[in-house]
Amino acid sequence: MSEAVTVSALWRGWRDQLSQRGFATATLDAKILVGHALGFDTLQLAVRESELVSSLLTSTVTELMQRRLSGESVARIVGHKEFYGLDFALNEATLEPRPDTELLVDLALKALPVGGRFVDLGTGSGCIPISVLVNRPDASGVASDINPRALQMAGRNAERNGVSGRLEFLQGDWFGALAERPRHPNRIRNRAFGELRADPGSRPGQALSPEGRGEEGFDLILSNPPYISSEIVETLSPEVKNFDPRLALDGGPDGLGPYRIIAAEAAGWLKAGGAVLVEIGYDQGAAVSALFAGAGFERISVEKDLAGLDRVVSAHHI
Ligand SMILES: C[S@@+](CC[C@H](N)C(=O)[O-])C[C@H]1O[C@@H](n2cnc3c(N)ncnc32)[C@H](O)[C@@H]1O
């Protein structure tokens with residue numbers, strides 16, 4: 001049987017091991033993961049530092065630390081991540097939300113008219129639409145993803161952040177998700193909770209379509225699509241390559257595949273005067289802008305993130 005250790009000795013010991021293995025955030029990682037295993041917040045970790053930890057909990061900590069040592073991120077291990085000041089649960093199908101994506105939310109909040117309606121394509125954890133809706137109680141939206149497991153998590157996140165009544169979830173391939181609504185679209189299954197709720201914006205038999213524009217189009221189309229070229233995905237850090245879902249990363253041979261689809265089809269789903277906001281890689285501003293210009297969009301701009309890197313393309317449908 002292993003010797004009992006104190007709370008303090010436990011996290012400090014793992015801090016040293018992580019540090020020796022080159023983890024730059026060793027102290028923080030060790031405190032978070034020990035705290036997670038013991039059910040302690042930062043304050044409890046300090047106040048209860050001389051308490052002994054049971055061998056069962058010590059083994060749990062060892063398992064978590066082995067995962068960290070193998071390159072899995074702390075957020076993935078604890079199963080949630082903060083984004084735009086909100087908490088988002090994660091599963092194996094969801095990308096870990098990145099701080100860079102907060103710019104897309106800032107721009108969406110500015111661009112959305114009062115009572116505005118938007119769609120977020122490739123929603124993952126739902127971090128984008130949920131952050132918009134929490135900050136805009138007048139707005140409503142649709143969140144879509146090709147991966148049903150991601151949508152399930154987005155549904156849970158909408159519920160825990162109190163916006164599930166204003167966010168509809170549709171599964172499918174980019175705009176195909178909007179066209180492939182359920183057979184009885186006035187009642188939409190909230191997959192996360194298995195309940196049916198009314199969708200006030202549609203009638204039985206009515207599908208959203210570019211021609212019909214059942215709800216007269218969206219004010220905004222948002223997306224942070226996969227935009228890394230297939231070749232580059234292979235070179236990413238193990239933390240990203242081995243743990244973020246491939247479907248969330250790989251944008252095809254040149255990384256622009258999803259933008260081609262979004263640029264070609266977006267106008268058909270927008271109100272006149274509506275806009276598209278897409279996150280991009282730092283070197284994709286010119287190429288993505290050209291795709292939207294080629295599709296007839298106007299007032300195209302490339303917005304920079306806090307690091308001064310190109311991060312979002314904005315394009316208007318006049
Ligand atoms: C870069 S992740 C973004 C996730 C989330 N919006 C965020 O910002 O953290 C891209 C998302 O697009 C989804 N996706 C990939 N291919 C898709 C497709 N063909 N149609 C719809 N969604 C797709 C992935 O499942 C993933 O959730």
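How much space lies in the second largest pocket? In this predicted model, about 250 Å³ of space lies there. Fifteen residues line this second largest pocket, and Ala75, His80, Lys81, Glu82 and Glu96 are the closest to its centre. Two or more lining residues are given by each of α5 (74-78), β3 (80-83) and α11 (238-241). The largest share comes from α5, with four residues. By class, the lining of the second largest pocket comprises eight charged, five nonpolar and two polar residues.

The largest pocket has a volume of about 720 Å³. Its lining consists of 37 residues, of which Leu95, Asn224, Pro225, Pro226 and Ala248 are the closest to the pocket centre. The elements that contribute two or more residues to this lining are β5 (117-121), α7, β6 (140-145) and α12. Among the elements, α12 gives the most to the lining of the largest pocket, namely three residues. In terms of class, 20 residues of this lining are nonpolar, ten are polar and seven are charged.

The ligand sits in the largest pocket. Two elements give two or more residues to the shell around the ligand, α7 (127-135) and α12 (246-249). Both elements are also listed among those that give two or more residues to the lining of the largest pocket. The shell around the ligand holds 17 residues, and those that come nearest are Gly122, Asp145, Asp173, Trp174 and Asn224. Nine residues of the shell are nonpolar, six are polar and two are charged.

Polar contacts to the ligand involve both backbone and side-chain atoms of the protein. On the backbone side, a polar atom of Trp174 lies 2.9 Å from a nitrogen atom of the ligand. A polar backbone atom of Ile146 is 3.3 Å from a nitrogen atom of the ligand. On the side-chain side, a polar atom of Asn224 is placed 2.8 Å from an oxygen atom of the ligand. The ligand taken alone exposes 590 Å², and the protein buries 95% of that area.

Asn224 thus appears in several of these descriptions. Asn224 is one of the residues closest to the centre of the largest pocket, is listed among the residues that come nearest to the ligand, and provides a polar side-chain atom 2.8 Å from a ligand oxygen. Trp174 is likewise among the residues that come nearest to the ligand, and its contact with a ligand nitrogen is made through a polar backbone atom.

Notes:
Residues are numbered from 1 along each chain as its sequence is written. This is a predicted model: local features need pLDDT of at least 70, side-chain atom pairs count only at pLDDT 80 or more; totals for chains, interfaces and linings use all residues. Side-chain values use heavy atoms; hydrogens and water are left out. A residue is near a molecule or strand if one of its heavy atoms lies within 4 Å of it. A polar contact is a pair of N or O atoms within 3.5 Å; within protein, one must be able to donate a hydrogen and the other to accept it, and residues adjacent in sequence count only if both atoms are side-chain atoms. Accessible areas come from the Shrake-Rupley method with a 1.4 Å probe; for residues, only the protein chains shown count as cover. On a 1 Å grid over the protein atoms alone, a cavity is a set of points where a 1.4 Å probe fits but cannot get out, and a pocket is an open set with protein on both sides within 12 Å along at least five of seven lines; lining residues have an atom within 4 Å of a point. A molecule sits in a cavity or pocket if more than half of its atoms lie within 2 Å of its grid points. Ala, Val, Leu, Ile, Met, Phe, Trp, Tyr, Cys and Pro count as nonpolar, Asp, Glu, Lys and Arg as charged, and the others, Gly among them, as polar. Grid points are joined across faces, edges and corners, and a volume is the space filled by probe spheres set on the points.
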